[in-house]
Amino acid sequence: MTTLQPTLVTEARQKWVGTSVRRKEDPRLLMGQAAFVDDIKLPGMMFVAFHRSKYAHARIKRIDVSLAKSHPGVEAVFTAADGAKFMPSWMKYPNLREVPRYSLAKDKVRYVGEPVAAVVASDRYTAEDAAELVHVEFEALPPVTDSEKALEDGAPLLYEEWGDNILMHKHFEQGEVQRAFSEADLTIKERMRSHRYTATPIEPRGVVADYRPGSATLTVWASTQFPHVLRTFLAQTLEFPENRIKTIAPNVGGGFGVKSNVHADEVTVCIIALRLGKPVKWIETRMEHMQACAHEREQVHYVEAAFRRDGTLLAVRDKAIGDYGVYGAFWTESQPAMLTVTALPGPYRLRNYAYDLYCVVTNKAPHGAHRGFGRPVGAFIIERIMDIAARRLGIDPAEIRLKNMIQPEEMPYTAVTGVLYDSGNYPEALRRALKFAEYDKLREEQATLRKLGKYIGIGLGAYVEYTAPNSQRLHKALGWQVGGYDSAKIRVDPSGNVTVFTGVMSQGQSHETIFSQIVADELGVDIDDIVVIEGDTDLCPYGFGTWASRSTVTAGGACIAASRKVREKVTLIAAHLLGAQPEEIKIESGRISPAGSPEKSMTFREVADIAIRSPYMLPKGMEAGLEVTVRYEPEAPTTCSYAVHIPVVEVDPETGAIKFLRYYVFDDSGRVVNPMTVYGQIHGATAHGIGGTIYEDLPYDESGQLLTSTFMDYLVPTSMEIPNMEIEHTETPSLTLGGFKGMGEGGSIPTPGAICNAVEDALSPFGVKITETPLSPERILRLLNRTNLSKPT
């Protein structure tokens, strides 16, 4: 079921935007014609494998590489002594400590999987065999793998010079928090924990680096979400001229945040290419991905909430402890947990809020970006609070949410954390979701089935996601030295075909299709006459890549602005040639004519040919060509998407198994370019959230060993575990050019809270309370046993 209300925001005839166009990318992907990093093959290419630490915490006493060097087929072996590079941070924030990040472990290892040595060989198998021959003499040190224990006096220190394990501490307080608690009729106090897991893109990380003697350029092919950012970071880290580095992201098989980090092993591959003057390749294994790539979500919250008897939320107070592993990876640093506490208020009118955030280092893999970027934990906390309060006060979970939601007449609304909510109608979204799901009927069905011994639960979860933050927000609120704009270059050739170059990078978001749709409507041409190119820093204008659900907002806005400049020039040329006024000119389906005079016309192709090959025919003083580059940045600091999720589950108290019966989503992500791709993103992100809530987990033992390092034990849901989703959509245009909002991450944000609410609702006859994830069958059974009840009350 779908409700679409396309909003026209340009004078161009809307033909493509708002239409479910088949993805232009799919034929080459489905027929195996798309090239990924591992498909790059160069003459004389060598292969890299890493010797990684098996200790979670140890001093490096000695490294013996002699056996590895003498192994047949080995070209070279590198350790930190051969010139490891310091990897800088782009984030400057109060109380955020600078971490000594190096491309290879220097003096000490701090997590299992940390790269200690790199072996270069004639083929991958030889490199991996030789990496096992590297001998490292370690002095084992006691590890700390629990963030709360890491805060205790006398805990093992990862960085002795700090004197503690606190990467960053932030205190925030707004409103009259203490007074609100003193006036409350109900106070809730809970310890809530979100577990550690990671993104698992189908294509792991990979780098090919090529630098030949006498060559002026280092060329790097990487599976990355931000080619230009990677180039700038490599120039800084390698101390190599940026204008002699070319980065190329070919097709990227999923990113989900982990490819918006740059890790030590990736930098090391580039160092090796510079040293050897030969092309080198490294492709991450799945075990390396689990052990050494970015993890996220592991947080503990000591949260208190104050309510009136009628369900009004008065205040929230939180002590949040984020487990950052060895450090926050470039370039996200401490931000995910910062986003958790910032996003926690969600769609609710909360004016009294205080938190203490501790970002803590432990002997685990680095902490980094992951789809949702801290927000799923914030939504988990506030949505669990809402359900717990509703149960304590005897109020329906839907009613307590409606009572506290920000009203549409308050938009644009500045949240207690300073985030601007630009547009939306949150109560109406919830009401429509309840109607869509037939909520009252579900409650009746639940009561009937309970009498038959079936335990059905209905969960509610809502979120607000600020997307596409602008430069002011990034710099002033986050201390992040990056731009909030992005870029588009549009070039029309003499045949009238259009090439669009952007500064973002698709990893499955359908950029080629949606940017073609936007440009086709703005220029009045056919979508098949447009080609979109991304991922090549020599061809594409500087941009900051794909993250924070920003591409459609920023690059899509840049496509609109660039198209309008091209259209303006085409209009002036056509008016001059047709003897008409510019305001009379209409462009439709590639044909240009004055209004009311279709017999006086010319084609878009004819104008393009004249503009490029016959400039003497142009209006006086007009420059030849049809090529424009534009950088677009939203004026509003943020653009906010929102949604309501209603999962319906059945829980078997004998096995702890959770079965989805239905899953409803009501979504508003602004003006929709392509409904089909939007629903695909919602399906994928929701599946991602389901996997993280129930199946995926990265537990460590006390010695710092990861217990789930392959897909044999790290469970990823299959199509059999993901329910059919029913989606209804509405459009509230944003304040941006195009009216777009980001939505690539949205489905992953409310799922933990909504599913936990559904499972607790199902097991409410047993007195079960859920304050921790994942919801594995083992955890469900432990919760049932903890209640000491074998039968429901």
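Begin by selecting phenylalanine 544, which in this predicted model counts as buried, since its relative accessibility is 7% and the cut-off for a buried residue is under 20%. Now add tyrosine 542 to the selection: at 22% relative accessibility, tyrosine 542 counts as partly exposed.

Before measuring anything in the viewer, recall that a pair of aromatic rings is described by the distance of the centres and the angle of the planes.

A search of the whole structure finds 24 aromatic pairs. For one of them, select phenylalanine 436 and tyrosine 664, whose ring centres lie 5.5 Å apart with the planes at 80°, so that the pair is edge-to-face, the cut-off for this class being over 60 degrees. Colouring by secondary structure places phenylalanine 436 in helix α12 (residues 426-437) and tyrosine 664 in strand β28 (residues 658-668), so the pair, with its partners 228 residues apart, links distant parts of the chain. Phenylalanine 436 is buried, with a relative accessible area of 9%, and tyrosine 664 counts as buried as well, at 7% relative accessibility. Returning to tyrosine 542 and phenylalanine 544, you will find their ring centres 5.5 Å apart and their planes at 65°, so this pair is edge-to-face.

Next, select Trp90, Phe226, Phe233, Phe330, Trp331, Trp480 and Trp547 together, as these residues form one aromatic cluster.

Two charged side chains complete the tour. Select arginine 101 with tyrosine 327, where the arginine lies over the face of the tyrosine, at 5.5 Å from the ring centre; then select lysine 489 with phenylalanine 501, where the charged end of the lysine sits over the phenylalanine ring, 4.7 Å from its centre.

Conventions:
Residues numbered from 1 in each chain as written. Predicted model: local features only at pLDDT ≥ 70, side-chain atom pairs only at ≥ 80, totals over all residues. Heavy atoms only, no water. Phe/Tyr/Trp six-rings, centres within 6.5 Å; stacked < 30°, edge-to-face > 60°. Helix = DSSP H or I, 4+ residues; strand = E, 2+ residues; numbered from the N terminus. Buried < 20%, exposed > 50% of the residue type's maximum accessible area, 1.4 Å probe, protein only. Lys NZ or Arg CZ within 6 Å of the ring centre and 35° of its normal.
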